[in-house]
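Biologist: I'd like a close look at a single part of this one, the metal site, and then a walk outwards from there. Could you take me through it?

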Amino acid sequence: MRSRYSAFVKHEIDYIVQTTALGQQQALDVKAISDWSKANQWLSLEVVQAQEKLDKNHAQVEFKAHFHDGQQAQIHHEVSHFVQHDGVWYFLDPTTDQPITMKQPCICGSAKKFKQCCAQFL
Ligand SMILES: [Zn+2]
């Protein structure tokens with residue numbers, strides 16, 4: 001989570017893509033992410049709270065990213081969810097415009113159905 005923030009600060013968009021849930025990477029709007037990363041001056045990351053064990057393989061992090069948009073200071077406040085797959089944590093992006101059915105294999109790569117895995121966190 002902190003590493004994703006650092007990547008954002010440094011405009012390392014490839015890292016942002018690679019640390020998003022495997023089944024969502026294709027659906028990311030890479031240009032929009034890149035533009036937002038570059039349009040602002042990123043000042044600091046404040047982790048409000050983290051719950052590392054929502055269940056066996058999901059975690060929640062609430063954070064505030066402080067930035068300056070060129071006109072005034074702003075705070076991006078977000079509650080993010082992460083899923084662990086093969087020992088690596090991936091971000092679950094709630095903003096991807098991608099049809100997912102409840103019965104399909106989960107986007108995180110687990111062998112479970114979406115409904116029984118990441119659906120509750122998106
Ligand atoms: Zn899943």
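Biologist: To start, is Cys106 buried or exposed?

Modeller: Cys106 counts as buried, because its relative accessibility is 6%. Bear in mind that this is a predicted model. Cys108 also counts as buried, since its relative accessibility is just 1% and the cut-off is under 20%. Both cysteines belong to the zinc site: the protein donors are the SG atoms of Cys106, Cys108, Cys117 and Cys118, and they lie 2.2 to 2.4 Å from the ion. Along the chain, these donors follow the spacing C-x1-C-x8-C-C. As for geometry, the four donor atoms subtend angles of 104 to 113° around the zinc ion, so the arrangement is tetrahedral. For reference, the ideal angle for four tetrahedral donors is 109.5 degrees.

Now for the rest of the chain, beginning with the nonpolar cores. The largest one has 13 residues, and the members that touch the most others are Tyr5, Phe8, Ile16, Ile33, Trp42 and Ala65. At least two residues of this core come from each of α1 (2-9), α2 (13-18), β1 (41-55) and β2 (58-68). There's a second, separate core of twelve residues, with Val83, Tyr90, Leu92 and Phe121 among them. Back in the largest core, Ala65 is worth a look: leaving out residues up to four places away in sequence, Ala65 touches Tyr5, Trp42, Ser44, Gln74, Ile75 and His76.

Tyr5 takes us to α1, where Arg4, Tyr5, Ala7 and Phe8 are buried. Looking down the axis of α1, you'd find these buried residues within an arc of 160°, so they line one face of the helix. That pattern suits helix geometry: an α-helix has 3.6 residues a turn, so residues three or four places apart point the same way. The cover over the buried residues of α1 includes α2, α3 (30-39), β1, β2, β3 (73-85) and β4 (88-92). After α1 comes His11, which has a positive phi, near 60°.

One of the residues that Arg4 meets is Thr19, which sits in the loop between α2 and α3. Thr19 counts as buried because its relative accessibility is 11%. Its side chain reaches the backbone oxygen of Tyr15 at 2.8 Å. Leaving out residues up to four places away in sequence, Thr19 touches Trp89, Tyr90 and Phe91 as well as Arg4. Of these, Tyr90 is a member of the second core.

Note on methods:
Residues are numbered from 1 along each chain as its sequence is written. This is a predicted model: local features need pLDDT of at least 70, side-chain atom pairs count only at pLDDT 80 or more; totals for chains, interfaces and linings use all residues. Side-chain values use heavy atoms; hydrogens and water are left out. A nonpolar core is a set of buried Ala, Val, Leu, Ile, Met, Phe, Trp, Tyr and Cys residues joined through side-chain atoms within 4.5 Å. Buried means under 20% relative accessible area, exposed over 50%, partly exposed in between (1.4 Å probe, protein chains only). Helices (H or I, at least four residues) and strands (E, at least two) are DSSP runs, numbered from the N terminus. Contact means heavy atoms within 4.5 Å. A polar contact is a pair of N or O atoms within 3.5 Å; within protein, one must be able to donate a hydrogen and the other to accept it, and residues adjacent in sequence count only if both atoms are side-chain atoms. Donors are N, O and S atoms within 2.8 Å of the metal (3.2 Å for Na, K and Ca); water is not among the atoms, so sites may look incomplete. Four donors count as tetrahedral if all angles lie between 85 and 135 degrees; four count as square planar and six as octahedral if opposite donors are over 155 degrees apart and all others between 65 and 115; anything else is irregular. The arc is that of the directions from the helix axis to the C-beta atoms.
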